[in-house]
Amino acid sequence: MRKSAVLFMAFLALFPGTLFAGVGRSAVATLTQPNSARPAGLAEAYCAEAAGADSLGYNPSGLARAVAPELLVQYHGGFMGDTFLSAGYAQQAGNVGVGASVVSYNSGSVDIIDDNGVGVTAMGQRDIAYTAGVGASLPVSGLSVGAAIKLVHTQLVEEYSGQAIAGDA
């Protein structure tokens with residue numbers, strides 16, 4: 001029995017992806033885009049540096065390090081008609097910071113052929129994600145904790161849609 005447990009642990013150590021097969025491997029487009037210019041400029045290597053409204057998409061404990069009320073607004077338009085919009089707000093009160101954001105992605109129009117062989121134009125993909133979070137500084141110097149909750153809605157080709165609730169800590 002002990003040998004089996006050791007082999008199982010070695011297998012998980014060598015192939016950790018098998019434990020969570022498929023979980024967290026894909027996301028709606030709104031969750032894969034940088035939510036502001038600062039993380040994008042740092043090639044999204046931003047988790048430990050996150051502070052203020054930027055931190056909602058990376059590390060919600062960074063809300064506790066907001067130095068002033070912050071409003072972030074971003075718009076990105078692609079050459080094929082896709083658009084990405086985001087807006088976020090964070091504010092600190094004592095050792096607690098709170099924040100919220102809305103992120104939207106629209107892939108633009110796509111040409112499809114319906115069941116009767118007729119070509120039609122439809123919206124390709126539309127996503128919207130709402131996030132709210134809180135972060136608090138701990139009495140231990142330099143440490144903070146935080147959590148965020150996200151409501152995500154996605155729609156594909158005006159026909160299929162889904163919703164999900166996710167969280168970060």
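This passage describes a nonpolar core, a salt bridge and a buried acidic residue in a predicted model. Residues are numbered from 1 along each chain as its sequence is written, and side-chain values use heavy atoms, with hydrogens and water left out. Because the model is predicted, local features need pLDDT of at least 70 and side-chain atom pairs count only at pLDDT 80 or more, whereas totals for chains, interfaces and linings use all residues.

The largest nonpolar core (buried Ala, Val, Leu, Ile, Met, Phe, Trp, Tyr and Cys residues joined through side-chain atoms within 4.5 Å) consists of five residues, namely Ala53, Leu56, Leu63, Ala90 and Ala148. Beyond its neighbours within four places in sequence, Leu63 is in contact (heavy atoms within 4.5 Å) with residues including Leu56, Ala90, Val98 and Val134.

One salt bridge (a side-chain nitrogen of Lys or Arg within 4 Å of a carboxyl oxygen of Asp or Glu) is found in the whole structure, and it joins the side chains of Asp168 and Lys150 at 3.0 Å, N to O. Since Asp168 belongs to strand β8 (residues 160-168) and Lys150 to strand β7 (residues 144-156), the pair ties together parts that are 18 residues apart in sequence; strands are DSSP runs (E, at least two residues), numbered from the N terminus. Lys150 is buried, with a relative accessible area of 13%, while Asp168, at 26%, is partly exposed (buried means under 20%, exposed over 50%, partly exposed in between, with a 1.4 Å probe and protein chains only).

Asp82, located in the loop between β1 (70-77) and β2 (83-93), is buried yet has no salt bridge, the nearest side chain of opposite charge, Arg126, being 14 Å away (Lys and Arg count as positive, Asp and Glu as negative, and His and the chain ends are not counted). Apart from its neighbours within four places in sequence, Asp82 is in contact with His76, Gly77, Tyr105, Asn106, Ser107 and Gly108.

Methods: Helices (H or I, at least four residues) and strands (E, at least two) are DSSP runs, numbered from the N terminus.
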